[in-house]
Amino acid sequence: MDTLDAMTALFACTRAIHMGSCLLAMAVFFFDRFVARPHDRHWPGIARGLLMFALPVALLSGAVWFTCVAITMSGLPPGEALQWENLTMVWRETQFGHLWEVRAILYLGCAVISPIAIALRPGSTMRVGLSWLGLIVNASLVASLAWAGHGRFGESGSHLACDALHLLISAVWPVGLLPYAMLLAKFRADDADQKWISAWRLTRRVSAVSLVSVILLTATGILNSWPLVGSFSALFSTRYGQVLLLKIAIFFSMIALGGVNLLYLMPHMPHGGATDHGPLPRRMLSWLQLNVGAEIVLGIAVMLAVGLLGMLMPAVEHLLMHHHH
Amino acid sequence: MKTLQSPFAFMRFTLALILALAGIASAHAFVDHADPKVGAQIDAAPADVKIWFTQQIEPAFSKIRVFDAEGRQIDNKDCRQDKDDKKLLIVSLPKLPAGTYKVEWRVVSIDTHHTSGDFKFTIKP
């Protein structure tokens with residue numbers, strides 16, 4: 001499949017939306033365990049809102065993904081491919097169907113545990129326990145996506161593990177930037193004297209996990225991509241390579257924005273006292289919000305590129321096929 | 001052992017190491033080899049057509065069909081995956097007379113991508 005027809009575009013968008021929503025649900029629990037603090041009074045509301053958005057979208061897009069696979073697997077026109085007989089054949093008789101069965105169970109776990117965990121009183125033992133459970137189940141749902149794409153390929157366990165790790169890390173950064181941006185906006189709107197220091201502390205925690213994530217994403221990204229590309233020339237001469245290059249370019253733009261946040265904006269934010277309300281911190285915070293917003297938009301573009309990459313024939317196979325012809 | 005004298009050399013070494021560890025593999029299923037071989041001219045009629053693919057395949061959506069020179073499907077329509085080798089697809093044939101036969105295949109690999117193709121073989125008179 002190497003042409004961008006309507007079906008490919010729909011499928012690529014569906015994959016991107018499903019991956020994005022699963023990653024977002026996991027990001028909420030990662031944020032809950034490692035970044036947000038129990039006394040952040042805005043956090044439970046934000047977490048609830050994000051989960052109420054992410055979980056239904058994950059369910060719907062997962063169903064559309066399954067339908068798209070049923071059409072492409074059968075090779076039949078959509079009207080015939082969507083017959084009950086064909087759908088059950090995909091569900092019962094293919095490895096993709098078995099994977100979706102497992103993922104449906106995991107999703108059910110997420111849908112039950114996630115809202116309860118977030119609704120409990122912050123800091124309570126039950127809340128902490130369920131939040132950890134929520135993180136584990138949502139992370140499993142994310143990691144299982146590795147079996148649905150090119151992660152399967154080569155029958156190499158290490159490639160699969162690397163792909164799963166890449167997905168899990170991307171829930172921390174860049175997807176975790178969304179809860180961060182929302183919490184930052186809430187802090188800014190606060191009247192409390194502590195808002196600057198709260199914003200600074202939050203930013204410091206996010207920067208620490210983002211830095212580690214970027215390093216790990218780069219390493220796992222290279223390990224994942226190389227077997228599918230095979231040569232530097234294939235990066236330019238095949239559609240797969242070109243989309244991958246675009247993804248890499250966007251990724252580095254996001255790192256550049258993150259670098260500005262870390263090296264310039266953070267040191268200029270007031271963090272020593274609680275009463276600095278001058279124009280500088282406000283400007284710095286506006287700039288920071290703008291940068292994070294831009295990173296999120298670029299992150300969505302990366303997600304679309306990833307959705308498309310899963311549909312395209314890997315560069316190494318494209319070249320192999322043309323070599324045979 | 002030669003030392004890595006500059007950061008640039010170290011980076012090149014690291015990149016080369018990562019790329020070597022990563023290896024190269026494939027995602028779509030292509031024909032690895034077949035029996036009868038692609039384009040083969042054989043003396044005795046084969047009992048079946050076997051195709052080994054480069055990837056594991058989904059038997060529910062994978063098939064081989066064999067046609068004679070007039071375009072009639074002449075295989076026994078019992079295409080199946082081998083029990084032990086998940087990359088091998090087999091279809092049995094009736095006793096075939098001399099002639100040229102076309103083998104058409106369409107398979108779906110376990111990562112859901114589909115591929116298709118065809119080849120011919122000839123049974124000598």
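**Exercise 1. Is A:L319 buried or exposed, given its C-beta neighbours inside 10 Å?** Place the residue in its element, classify it, and then weigh the confidence of that part of the predicted model.

*Solution.* Start with the location: A:L319 lies in helix 13 of chain A. Next count the neighbours: there are 20 C-beta neighbours inside 10 Å, and because the cut-off for a buried residue is 20 or more, A:L319 counts as buried. Then list the partners that remain once neighbours within four places in sequence are left aside, namely A:G230, A:A234 and A:T238. For a distance on another scale, take A:V206, which is 113 residues away from A:L319 along the chain, with 42 Å between the two C-alpha atoms. Finally consider the confidence: helix 13 (residues 315-324) has the lowest in chain A, at a mean pLDDT of 71, whereas helix 6 (residues 125-143) has the highest, at 96. For chain A as a whole the mean pLDDT is 88, with 91% of its residues at 70 or more. Where pLDDT is low, the predicted coordinates should not be read in detail.

**Exercise 2. Identify the residues with the most contacts inside the largest nonpolar core, and describe the surroundings of A:A25.**

*Solution.* The largest nonpolar core comprises 111 residues, and those with the most contacts inside it are A:A25, A:M26, A:A27 and A:V142. Taking A:A25 and again leaving aside neighbours within four places in sequence, one finds contacts with A:L51, A:A54, A:L55, A:A58, A:C110, A:S114 and A:N138. As background, nonpolar side chains tend to be buried together in soluble globular proteins.

**Exercise 3. Test the length of helix 11 of chain A against the expected span, and locate its bend.**

*Solution.* Helix 11 covers residues 239-268, which makes 30 residues, and at 1.5 Å a residue the expected span is 44 Å. The end C-alpha atoms are 43 Å apart, which agrees with that expectation. The helix nevertheless bends, by about 30° at A:N261. A:N261 is also among the buried residues of helix 11, which further include A:Y240, A:G241, A:V243, A:L244, A:K247, A:F251, A:M254 and A:G258. In reading such a list, recall that an α-helix has 3.6 residues a turn, so residues three or four places apart point the same way.

**Exercise 4. Summarise chain B, and then reconstruct the sheet with the order 1-3-6-5.**

*Solution.* Chain B has 1 helix and 8 strands, and along the sequence the pattern is α-β-β-β-β-β-β-β-β. Of its 125 residues, 28% are buried. Among contacts in chain B with a separation of 6 or more, 60% join residues 24 or more positions apart.

The sheet in question is open, has 4 strands and is paired in the antiparallel sense. Strand 1 (31-35) and strand 5 stand at its edges, each with a single partner strand, so one side of each is left without a neighbour in the sheet. Moving to strand 6 (residues 88-92), one finds an antiparallel pairing with strand 3 (residues 48-53) over 5 bridges, in which B:K50 stands opposite B:I90 and B:W52 has B:L88 as its bridge partner. Strand 6 is also joined to strand 5 (residues 80-81) by 2 antiparallel bridges, with B:Q81 partnered by B:L89, and these two strands form a hairpin with 6 residues between them. The covered face of strand 6 carries B:L89 and B:V91, while B:L88, B:I90 and B:S92 lie on the uncovered one. In a regular strand the side chains alternate between the two faces of the sheet.

**Exercise 5. Work out the pairing in the sheet of chain B with the order 2-8-7-4.**

*Solution.* This open sheet is formed by 4 strands, and its pairing is mixed. Its edges are strand 2 (41-42) and strand 4, each having a single partner strand, so that one side of each lacks a neighbour in the sheet. At one edge, strand 2 pairs with strand 8 (residues 114-123) in the parallel sense over 2 bridges, and B:Q41 has B:T122 as its bridge partner. At the other edge, strand 4 (residues 63-67) pairs with strand 7 (residues 99-108) in the antiparallel sense over 5 bridges, with B:F67 opposite B:K102. To finish, sort strand 4 by face: B:I64 and B:V66 belong to the covered face, and B:K63, B:R65 and B:F67 to the uncovered one.

Technical notes: Residues are numbered from 1 along each chain as its sequence is written. Chains are lettered from A and ligands numbered from 1 in the order in which they are written. This is a predicted model: local features need pLDDT of at least 70, side-chain atom pairs count only at pLDDT 80 or more; totals for chains, interfaces and linings use all residues. A nonpolar core is a set of buried Ala, Val, Leu, Ile, Met, Phe, Trp, Tyr and Cys residues joined through C-beta atoms within 7 Å. A residue is buried if 20 or more other C-beta atoms lie within 10 Å of its own, exposed if 12 or fewer, and partly exposed in between; C-beta atoms are placed from the backbone. Two residues are in contact if their C-beta atoms, placed from the backbone, lie within 7 Å. The expected span of a helix is 1.5 Å times one less than its number of residues. The bend at a residue is the angle between axes fitted to the seven residues ending there and the seven starting there. Two strands pair if DSSP finds at least two bridges between them. pLDDT is the predictor's confidence in each residue, from 0 to 100.
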